[in-house]
There are 2 protein chains.
Amino acid sequence: MSFVLHPRLMADTAVIVDWTLSRVLLMNDKRFPWIVLVPRRSELHELFDLDEAARAQLTCEITRAGARLRSWARLRGRGGDKINVGIIGNLVPQLHVHVVSRCKTDAAWPAPVWGFGRSEPYGAAELMRAVGEIRDAL
Amino acid sequence: MSFVLHPRLMADTAVIVDWTLSRVLLMNDKRFPWIVLVPRRSELHELFDLDEAARAQLTCEITRAGARLRSWARLRGRGGDKINVGIIGNLVPQLHVHVVSRCKTDAAWPAPVWGFGRSEPYGAAELMRAVGEIRDAL
């Protein structure tokens with residue numbers, strides 16, 4: 001079966017780019033610089049559903065996303081105080097990895113962002129701009 | 001500088017075992033089967049503070065912890081419906097990785113466990129038993 005993005009992820013995000021393994025998405029929530037990596041393979045739920053080579057590739061992509069998102073956030077004066085990584089999937093079973101840049105003054109700090117308050121979607125033009133900027137940064 | 005476990009982690013957990021890279025801890029909260037991996041190196045805050053070989057080793061240890069904790073939880077009738085992995089560190093800056101086995105009937109489901117309600121510490125004998133059981137399972 002080929003890769004199909006889960007409808008909930010499709011509804012909540014915009015596509016930034018495809019990397020070797022993962023589709024890289026921007027969460028449509030302007031409260032936080034928030035990326036989601038989704039390995040482009042079917043029937044994955046847990047990290048250990050990936051073979052060893054793919055896990056190594058995913059680790060490499062998580063690392064790259066985290067380091068570059070932090071640099072981008074720091075340059076833009078949007079914090080970059082801590083990168084939070086989460087592989088949760090209690091609501092969306094398709095394996096996906098959250099990579100979120102946190103700022104000590106953001107809405108949720110020091111709590112995690114998952115399930116925190118209501119998301120604040122970008123405007124359409126704002127979303128396109130954010131996707132472009134983060135694509136360049138990654 | 002040699003490795004020293006952060007005082008908050010020391011207070012909240014019990015040591016299960018040392019693996020190649022990580023000290024493996026049991027969170028002293030009987031609501032959830034909850035392991036914490038702490039790479040035994042000083043001055044680490046982010047995943048990308050580790051060199052590539054150490055990141056690969058950490059990925060291997062996260063995978064092992066997740067797969068075996070799930071098997072243990074399923075055998076014990078404690079769910080194992082989803083493994084949640086989190087690298088957060090907003091409160092404790094020392095790099096550490098949460099690996100939590102979730103059950104669809106647990107107290108927090110489907111929310112993440114971090115920051116959810118108040119922890120419920122094990123009794124002393126119960127904690128020793130849990131550490132022993134999970135050490136055997138890992």
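**Figure 1. Helices α2(B) and α3(B) make a right-handed crossing.** This close-up comes from a predicted model. Helix α2 of chain B covers residues 52-75, and helix α3 of chain B covers residues 124-137. Their axes lie 9 Å apart, and the packing angle is about 120 degrees. That angle makes α2(B) oblique to α3(B). Which residues of the two helices meet? From α2(B) come R68(B), L69(B) and W72(B). From α3(B) come E133(B), I134(B) and A137(B). Sorted by type, the residues of this contact are four nonpolar, no polar and two charged.

**Figure 2. In chain A, α2(A) passes α3(A) in a right-handed crossing.** Here helix α2 of chain A (residues 52-75) meets helix α3 of chain A (residues 124-137). The two axes come within 9 Å. They cross at roughly 120 degrees. The helices are therefore oblique to each other. On the α2(A) side, look for R68(A), L69(A) and W72(A). On the α3(A) side, look for E133(A), I134(A) and A137(A). The residues of this contact divide into four nonpolar, no polar and two charged.

**Figure 3. Helix α2(A) packs against helix α2(B).** This view shows one helix from each chain. Two packed helices are described by the angle between their axes and the distance between the axes. For α2(A) and α2(B), the angle is about 115 degrees. The distance between these axes is 10 Å. The crossing of α2(A) and α2(B) is right-handed. Which residues meet here? Chain A offers R55(A), T59(A) and T63(A). Chain B offers R55(B), T59(B) and T63(B). What kinds of residue make up the contact of α2(A) with α2(B)? There are no nonpolar residues, four polar ones and two charged ones.

**Figure 4. Chain B can be laid on chain A by a turn of 180 degrees.** The shift along the axis is 0.0 Å, and the RMSD is 0.0 Å. The two copies are thus related as by a two-fold rotation axis. Which C-alpha of chain B is nearest the axis? That of G86(B), at 2.2 Å from the axis. The same surface serves both copies. Of the contact residues of chain B, 100% recur in chain A.

**Figure 5. Chain B and chain A bury about 2500 Å² between them.** Carbon and sulfur atoms give 60% of that area. Three residues of chain B deserve a look: F48(B), K82(B) and N90(B). Together they supply 25% of the area that chain B buries against chain A. That is more than any other three residues supply. How many residues are in contact? On chain B there are 28, and they touch 28 on chain A.

**Figure 6. A cis peptide bond joins W109(A) and P110(A).** Check omega at this bond: its value is about 0 degrees. Where is P110(A) found? It is in the loop between β5 (97-102) and α3 of chain A.

**Figure 7. A cis peptide bond joins W109(B) and P110(B).** Omega is about 0 degrees at this bond too. P110(B) has its place in the loop between β5 (97-102) and α3 of chain B.

**Figure 8. E43(A) has a positive phi.** The value is near 60 degrees, in a residue other than glycine. Where does E43(A) lie? Find it in the loop between β3 (34-39) and α2 of chain A.

Definitions and conventions:
Residues are numbered from 1 along each chain as its sequence is written. Chains are lettered from A and ligands numbered from 1 in the order in which they are written. This is a predicted model: local features need pLDDT of at least 70, side-chain atom pairs count only at pLDDT 80 or more; totals for chains, interfaces and linings use all residues. Side-chain values use heavy atoms; hydrogens and water are left out. Axes are lines fitted to C-alpha atoms, for helices over the stretch in contact, and angles run from 0 to 180 degrees between N-to-C directions. Helices (H or I, at least four residues) and strands (E, at least two) are DSSP runs, numbered from the N terminus. Angles under 35 degrees count as roughly parallel, over 145 as roughly antiparallel, 65 to 115 as roughly perpendicular and the rest as oblique. A crossing is left-handed if the near helix is turned anticlockwise from the far one by less than a right angle, and right-handed if clockwise. Contact means heavy atoms within 4.5 Å. Ala, Val, Leu, Ile, Met, Phe, Trp, Tyr, Cys and Pro count as nonpolar, Asp, Glu, Lys and Arg as charged, and the others, Gly among them, as polar. Copies are superposed by least squares on the C-alpha atoms of residues with pLDDT of at least 70 in both. Buried area is the accessible area (1.4 Å probe) that two parts lose on being put together, summed over both.
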